[in-house]
Amino acid sequence: MSLVATTGRARPRARLTGVGTYVPTRVLTNAELEEMVDTSDEWIVSRTGIHERHIAADDEATTDLAAAAVRDLLERTGTDPSSVDLLVVATTTPDYVFPPCAPLVGTKSGMDYVAAYDTNAVCSGFMYGIAQATGMIESGIARRAVVVGAETLSRIIDWDDRATCVLFADGAGAVMLEADEGEQGSGVMGVELGSDGSSPSDLWVPAGGTRTPRTDDTPRAESCIQMNGREVFRFATRILVESSNRLLTEAGMTIDDVDLMVAHQANERILDHASERMGIAREKVVMNLDRYGNTSSASIPLALADARDRGMLEDGAVLLMVGFGAGLTWGSVLVRWEPRS
Ligand code: UT7
């Protein structure tokens, strides 16, 4: 349904009530990558923790992945698609420059006339999407929001660049946020968002935008992901801890109040470092990058669903979700898992 609201009513909470996912069927293993570039399974596993990843079929694009994740979410939560009034798609790999993905995903999922738009904060995009939907719900503008993280990064990977092609992959995840006049402490309890645009080339796609439009002479590598891995690694290990701590302090909580940390799946060593620095047990840190690689804005909902499937996600659990990536951008969200019964 379309979004129509007056503001100024009693302030509802934004409750996190479900998660759905989709990954393409094609699995690309480290052994296959050994045939493509000068790398080894040993290097990839020891430096990143990744064993395999999913790659979209030629006829699959981001809206197909996103719509499949949304359909999984709607089915699992028993939600009538026409009752969703806000759809946010976080992506850095849209089907087109425009239109945005979200209206197409809405139509593919049966959400006629839904308020729908894309947001792009790369690997932090899902956190920005959650923050936006929470604001819309808490201000009384939206009642039932779906936030999707979806990427077809394989289309912007330089398959000759061993430093990046072993990392990035495709997938989609979607969550439901719903208005609820529940007790204090339920729903989204806080967000911390930030950015530093002083060195965009640390992680970027140089060509294809308005600054450097793609021409017939543009080398393919210029239209693909390029990364200063060491710099981004340094930033990621620092910001994961800083953003989490800032948010916990603001919320009057400590790491002991967190049941599960669901962070962006960029590198196992980054997550190990964060868990050690923050004093959170490794069993409370969700990791699934071994099977999915780095799926940018899709990685946090994919990890959340994995935690559910592995029985790590109990009703009422306090989740600390943290994203970080190109921009540079970052974002953390503290939220209780309250699936609709
Ligand atoms: O999603 C957004 C956020 N992204 C991240 O957080 C990623 C952060 N960065 C990282 O995770 C790591 O920096 C990488 C996994 C990308 C790289 O790991 P590293 O330990 O920082 O490696 P490095 O870039 O310092 O490279 C070490 C060596 C180099 O060789 P030399 O110069 O020492 O001879 C690289 O050329 O490893 C080489 N190398 C590889 N060797 C085999 C780089 N990629 C590969 C590869 N296979 N795939």
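**Exercise 1.** Find which element gives the largest share of the shell around the ligand.

*Solution.* Start with the shell: 25 residues surround the ligand, each with a heavy atom within 4 Å of it. Next, list the elements that give two or more residues: α2 (41-48), α6 (162-165), α7 (229-250), α8 (268-278) and β12 (318-325). Helices (H or I, at least four residues) and strands (E, at least two) are DSSP runs, numbered from the N terminus. The largest share, five residues, comes from α7.

The model is predicted: local features need pLDDT of at least 70, side-chain atom pairs count only at pLDDT 80 or more, and totals for chains, interfaces and linings use all residues. Residues are numbered from 1 along each chain as its sequence is written, and side-chain values use heavy atoms, with hydrogens and water left out.

**Exercise 2.** State where the ligand lies relative to domain 1 and domain 2.

*Solution.* Take domain 1 (13-180) and domain 2 (188-336), whose bounds come from an automatic or database domain assignment. Both give residues to the shell, so the ligand lies between them.

**Exercise 3.** Identify side chains with an N or O atom close to the ligand, then give the share of its area that the protein covers.

*Solution.* Use polar contacts (pairs of N or O atoms within 3.5 Å).
- Thr39: its side chain is 2.7 Å from a ligand nitrogen.
- Arg230: its side chain is 2.4 Å from a ligand oxygen.
- His264: a polar side-chain atom lies 2.8 Å from a ligand oxygen.

Finally, the area: the ligand alone has 950 Å² accessible (Shrake-Rupley method, 1.4 Å probe), and the protein covers 75% of this.

Methods. Polar contact = N/O pair within 3.5 Å; in protein donor to acceptor, adjacent residues only side chain to side chain.
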